[in-house]
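Student: I am new to this structure and would like a close look at a single part of it. Please take one part and connect it to the rest.

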Amino acid sequence: MLAYCDYIADVVRKGLVENTAAPKSLVKDVGSIKMDLHPEEGYFVSTMKTIEVIDINNKIYKITVEEI
């Protein structure tokens, strides 16, 4: 069965990026989608994706999309 982590992470990121353009947005910056890769070999460890988001107070958040 297929997992849609890539698609869901992309939809979330695009929505947040669009929100940063809003006049009263609380979101300052949205990072790229990071994949769960092996630190040395670089192969996929899982389908998990993460996105870092910075709010207007410079607090950093990590959004995780993970198949369970």
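Tutor: A good place to start is lysine 49, which is buried, because its relative accessibility is 4% and the cut-off for buried is under 20%. The model is a predicted one, and every value below is computed from it. Lysine 49 forms a salt bridge with aspartate 6, and the closest N and O atoms of the two are 3.2 Å apart. This pair joins distant parts of the chain, since aspartate 6 belongs to helix 1 and lysine 49 to strand 2, with their positions 43 residues apart in the sequence. Aspartate 6, unlike its partner, is exposed, at a relative accessible area of 52%. Side chains of opposite charge can pair when their charged atoms come close.

That salt bridge leads to helix 1, the part to look at closely. Some context helps before the details. The protein has 1 helix and 3 strands, and their order from the N terminus is α-β-β-β. Its C-alpha atoms fill a box of roughly 40 × 30 × 15 Å along the principal axes. Of the 68 residues in the protein, 19% are buried.

Helix 1 has 16 residues, and from its first C-alpha to its last it reaches 23 Å, close to the 22 Å expected at 1.5 Å a residue. Three of its residues, Cys5, Ala9 and Leu16, are buried. They lie on the same side of helix 1, because the arc they cover around the axis is only 35°. An α-helix has 3.6 residues a turn, so residues three or four places apart point the same way. The buried residues of helix 1 pack against strand 1 (27–37), strand 2 (44–55) and strand 3 (60–65). On the face turned away from this buried side, helix 1 carries the exposed residues Tyr7 and Glu18.

Tyr7 also belongs to a nonpolar patch on the surface, together with Leu2, Tyr4, Ile8 and Val11. The accessible area of the patch is about 560 Å² in all. Leucine 2 is located in the segment before helix 1 (5–20), and it counts as exposed because its relative accessibility is 65%, where the cut-off is over 50%. For the protein as a whole, the accessible surface is about 5500 Å², and 57% of that belongs to carbon and sulfur atoms.

The structure holds 2 salt bridges. Besides the pair already described, the side chains of aspartate 10 and lysine 14 meet in a salt bridge, at 3.2 Å from N to O. These two residues are separated by about one helical turn, because they are 4 residues apart in helix 1. Aspartate 10 is partly exposed at 30% relative accessibility, and lysine 14 is partly exposed too, with a relative accessible area of 47%.

Lysine 14 also gives a view from the helix to another stretch of the chain. Its C-alpha is 9.1 Å from that of valine 30, and the two residues are 16 apart in sequence. On the scale of the protein, among contacts with a separation of 6 or more, 33% come from residues 24 or more positions apart.

To put the part together: helix 1 has a buried side packed against strands 1, 2 and 3, an opposite face with exposed Tyr7 and Glu18, and a salt bridge from aspartate 6 to lysine 49 in strand 2.

How values were computed. Residues are numbered from 1 along each chain as its sequence is written. This is a predicted model: local features need pLDDT of at least 70, side-chain atom pairs count only at pLDDT 80 or more; totals for chains, interfaces and linings use all residues. Side-chain values use heavy atoms; hydrogens and water are left out. Patches are made of residues with over 30% relative accessible area and no salt bridge: like charges are joined within 9 Å, nonpolar side chains (Val, Leu, Ile, Met, Phe, Trp, Tyr) within 5 Å. Accessible areas come from the Shrake-Rupley method with a 1.4 Å probe; for residues, only the protein chains shown count as cover. A salt bridge is a side-chain nitrogen of Lys or Arg within 4 Å of a carboxyl oxygen of Asp or Glu. Buried means under 20% relative accessible area, exposed over 50%, partly exposed in between (1.4 Å probe, protein chains only). The expected span of a helix is 1.5 Å times one less than its number of residues. The arc is that of the directions from the helix axis to the C-beta atoms. Contact means heavy atoms within 4.5 Å.
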